[in-house]
Amino acid sequence: MENSTTGKYLERIQIEGLWGRVDVDWHLHPDVNILVGENGTGKSTVLQLAASGLDGSFLMRKNFDFKLVALTIDGRLYKSKDTSASWNITGNRAGHTQFRLDIQHPEVLEMDYINTFEFISAVEPNENGTSKTNLDQQLDLVTRQYLAYQSKQSSKVFSKKATFEEAFAQKSYLFETLNRLFSSTGKTVDEQEGELEFLIDGTERIHRNDLSSGEKQLLVILLTVLFQEGKPAILLMDEPEISLHLRWQYELIEIIRTLNPNCQVIIATHSPSIFNDGWRDKVFWMENIVHKAVSA
């Protein structure tokens, strides 16, 4: 499948007065962007503020001080409103603060944000009795979305808008990829009435909650891209290498771009394995996009 990005994409991220001391100015590629920097330099912050600007329902767990966020999309500049009207602070059950950036949101632009840091985030247990983590919650969500995706693709076949092979080509590639990457542990994808489960050595069925953290993480990422259905979309990922096998890190971007050639990938990472395999020209260093604020 040829890799090419068409349609709208995020061209530039500008943040003024971040933490009251620095400005950010990042010109992005339409296909792949890899943000690298030391801990505490603001990689995650940049991605989260961009996500807030792209999706008004996106909530952050930290309260970031800034003057202005501006996003350039398809040649058009979108700015956050006055700071005094930009914050929507609420307390969640865990006692953290969340905020939503009030911004003029671009139309017809899909954005997905993935953070696979695993921590206990819910009281209710998984079906296997283990404590449910945020990664388990994400896996539950994409599994429910998978059922809707299956129904939508089947409708295309029944209405003769696509052949079966056309409608499920991306899913076939995804399953082949997962089976190949999971082969060292003998796992293969198994569908039971639309539910995603797995077999070990072709006989023993295991629930998705019994997968390793890295396997769950890869499943969340790749299902998210599958649901984009090859349409122009922006995928922001914060340190996707967490828990991933070294070989999976090398292949991750290529697999994503094969699943959806029109997906603009924006990654914050510490891992050279993510960008060593042909993506070095897509790397940006935080020190080159962050400057001392003029008013600081």
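Modeller: Let's begin with a term: a contact here means heavy atoms within 4.5 Å. With that in hand, note that this is a predicted model.

Colleague: Thanks! Leaving out residues up to four places away in sequence, which residues does L222 touch?

Modeller: L222 touches L174, L178, I255, I256 and L259.

Colleague: How should I read such a cluster, and which members of the largest nonpolar core touch the most other members?

Modeller: The general idea is that in soluble globular proteins, nonpolar side chains tend to be buried together. In this structure the largest nonpolar core has 44 residues, and L218, L222, L223, M237 and I256 touch the most other members. Helix α5, residues 213-226, gives the most to this core, with 8 residues. Another core, of 31 residues, lies apart from it, with V69, L71, L109 and I266 among its members.

Colleague: Stepping back, how many helices and strands does the chain have?

Modeller: The chain comes to 8 helices and 17 strands. Of its 296 residues, 52% are buried. Among contacts between residues at least 6 apart in sequence, 67% join residues at least 24 apart.

Colleague: Let's take a helix. Is α1 mostly covered or mostly uncovered?

Modeller: For helices in general, there are 3.6 residues a turn, so residues three or four places apart point the same way. Helix α1, residues 43-54, is mostly covered, with 11 of its 12 residues buried. Among the buried ones are K43, Q48 and S52, as well as V46, L47 and L54. From first C-alpha to last, α1 reaches 17 Å, close to the 16 Å expected at 1.5 Å a residue.

Colleague: Now a sheet, please. In what order do the 3 strands of the open sheet stand?

Modeller: Strands of a sheet pair through backbone hydrogen bonds, either parallel or antiparallel. Here the order is β11-β12-β13, and the pairing is antiparallel. From one strand to the next, the twist averages 40°.

Colleague: Why is one side of β11 and of β13 left without a neighbour in the sheet?

Modeller: β11 (187-192) and β13 (204-206) stand at the edges and each has a single partner strand, so one side of each lacks a neighbour in the sheet.

Colleague: How many bridges join β11 to β12?

Modeller: There are 6 bridges between β11 and β12, the latter covering residues 195-200. To trace the register, start with E191, which stands opposite L196 in β12. Q192 has E195 of β12 as its bridge partner. On the other pairing, β12 and β13 share 3 bridges, and I200 has E204 in β13 as its bridge partner.

Colleague: Which residue takes a positive phi in the hairpin of β12 and β13?

Modeller: That is D201, with a phi near 55°, in a hairpin that has 3 residues between the strands.

Colleague: And which helix lies across β11 and β12?

Modeller: Helix α4, residues 169-181, lies across them and runs at about 140° to β11.

Colleague: Before I use the coordinates, which elements have the lowest and the highest mean pLDDT?

Modeller: As a general rule, where pLDDT is low, the predicted coordinates should not be read in detail. Strand β6 (residues 90-91) has the lowest mean pLDDT, 38, and strand β2 (residues 22-27) the highest, 96. Below 50 you will find residues 1-5, a stretch with 16 contacts in the model beyond near neighbours in sequence. Residues 83-99 are also below 50, with 41 such contacts. For the chain, the average pLDDT is 82, and 79% of the residues score at least 70.

Conventions. Residues are numbered from 1 along each chain as its sequence is written. This is a predicted model: local features need pLDDT of at least 70, side-chain atom pairs count only at pLDDT 80 or more; totals for chains, interfaces and linings use all residues. Side-chain values use heavy atoms; hydrogens and water are left out. A nonpolar core is a set of buried Ala, Val, Leu, Ile, Met, Phe, Trp, Tyr and Cys residues joined through side-chain atoms within 4.5 Å. Buried means under 20% relative accessible area, exposed over 50%, partly exposed in between (1.4 Å probe, protein chains only). Helices (H or I, at least four residues) and strands (E, at least two) are DSSP runs, numbered from the N terminus. Two strands pair if DSSP finds at least two bridges between them. Axes are lines fitted to C-alpha atoms, for helices over the stretch in contact, and angles run from 0 to 180 degrees between N-to-C directions. The expected span of a helix is 1.5 Å times one less than its number of residues. pLDDT is the predictor's confidence in each residue, from 0 to 100.
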